[in-house]
Amino acid sequence: MVLLERIKKKLTQLCGKNDIDELKILTAKALVLDTKNNVYLNIQEAEFKVFSQWGEDGIVQYLINKLPIENEVFIEFGVEDYTESNTRFLLENDNWSGLVMDGSYENIKSIKKSEIYWKHDLVAKEVFITRDNIDPIIDDFIQNNNFKKEIGLLSVDIDGNDYFIWDAIKSIDPIIVICEYNSVFGKKYSCTVPYDEAFVRTKKHYSNLYFGASIQAVCKLAKLKGYEFIGTNKNSVNAFFVKKEYAYKYIPELITTIEESVFDSKFRESRDENGKLTFLSGKQRINLIKSMPVINLDNDEMVLLEKFFKL
C-alpha cells in the first residue's frame, strides 16, 4: 500500500522527463518485489521493461536477487545515449557502479550532462571498440577503481563484432553476461560475421540484418568461458549466461538449451537502400543477405550465407 500511495502521489506531480523516469522506476519496484518472491522456471517469466529495449530489466533483477553478487559493478558497451540499455535500471534502482562505452562523442557528452552522471558512480567513455582495445580499457577501469575481477554483470551489444569482442575480454570474470545475437542466422548453425575492426552495421549492408553471431556461436563461446546458458528474452535479441558454479548452485532450474528456450524472432527491422523499413520476416530476411560472408565456427572457414544455409 505504501508503494501504491507513492505512485499515486508521483502521478499528480509529473511535469518533465525526469519525473517520468522516476515514475517508471517507482512503478517497477512492485515488479521487483514480485521477482524476489517467486521462483521461475524460465527467465521470460521475469521480463519487464524500464530502460531496456525489451524485457531485460526484469530478467536482470530476477538474477541479481537469486545470485550472491558481492561486487555490484557492471560494464556495458554500445549504449548510445544510455536512455535505453540493459544496466541503467541497475544503476538507478540498485545503485550499482558501472562503466558504459559508446563510439559517439555526442552520446557520451549527453550521458555526462545528465543528472544520473553526478548522482551515481558511473564512468562513460567515448571509444570505438575493437578486440584489441576492449580488454585494456576494462582492465584500466577495474584497476583504477580497485574493483575485484569478479564483477556482477557484463553486457555486450555492438551490432557487429560481438563474438570477437567477448572472446577478447580476459581481465574480468562477470557472474552474469548478456550478449546480443543475430536471430536471422537461425538456431542450427554456429557462425559469425567476419571480424572487421571498422564494422558498422548500417554500412555493411543496407538491410540492417547483417551483423553479429548466431545463438549457437554465442552459446559455444559461453561454454568455453565457463558459463551456462539460461535462456533469451522473448524477442530473441539477447542471450543470458551465468557462471557455471553459480548457475548450478543457485538457479539450476534455469539452465536450459537452445532447443528448449530460443524463440523464432518476430521483429521486422529490415530496411531498403534508402533506409526505409520493409518489414521482412522469416526466411525473407536471410535471403536478402545471402550473398554476404560468414565464418563457420565449426571449421573456421569463410563461406557465403547462401551456401552455408543451403538456400
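Which residues of H10 are buried? I will come to that helix directly; please keep in mind that this is a predicted model.

The buried residues in H10 are Ile 215, Gln 216, Ala 217, Val 218, Cys 219, Leu 221 and Ala 222. The helix spans residues 215–224, and with seven of its 10 residues buried it is mostly covered. What do these buried residues pack against? Their partners are H8, S5, strand S6 at 191–192, S7, S8 and helix H12 at 258–261. As for orientation, H10 lies across S5, which is residues 176–180, and across S7 and S8. Relative to S7, H10 runs at about 150°. Just past the end of H10 comes Gly 226, with a positive phi of about 90°.

Now the sheet. The sheet is open, has seven strands, and its order reads S3-S2-S1-S4-S5-S8-S7, with mixed pairing. The edges are S3 and S7, the latter being residues 227–232; each has a single partner strand, so one side of each has no neighbour in the sheet. On average, neighbouring strands here are turned by 15° against each other, ignoring direction.

At the S7 edge, the partner is S8, residues 238–243. S7 and S8 run antiparallel and are joined by five bridges. Within that pairing, Phe 229 stands opposite Phe 241 of S8.

Towards the other edge there is helix H5, residues 105–113, which packs on the sheet and touches S2 and S3. The direction of H5 makes about 160° with that of S3.

The last element is helix H7, residues 134–144. Its buried residues are Ile 134, Asp 135, Ile 137, Ile 138, Phe 141 and Ile 142. Why do these sit on the same side of H7? Because the arc they cover around the axis is only 165°. On the other side of H7 we find Gln 143 and Asn 144, both exposed.

And what covers the buried residues of H7? The cover includes three strands of the sheet, S1 at 73–77, S2 at 97–102 and S3 at 122–126, together with helix H8 at 162–168. H8 therefore turns up twice in this talk: it helps to cover the buried residues of H7, and the buried residues of H10 pack against it as well. After H7 comes Asn 146, whose phi is positive, near 55°.

That is the end of my part.

How values were computed: Residues numbered from 1 in each chain as written. Predicted model: local features only at pLDDT ≥ 70, side-chain atom pairs only at ≥ 80, totals over all residues. Heavy atoms only, no water. Buried < 20%, exposed > 50% of the residue type's maximum accessible area, 1.4 Å probe, protein only. Helix = DSSP H or I, 4+ residues; strand = E, 2+ residues; numbered from the N terminus. Arc of directions from axis to C-beta. Contact = heavy atoms within 4.5 Å. Pairing = 2+ DSSP bridges. Axes fitted to C-alpha atoms, helices over the stretch in contact; angles between N-to-C directions.
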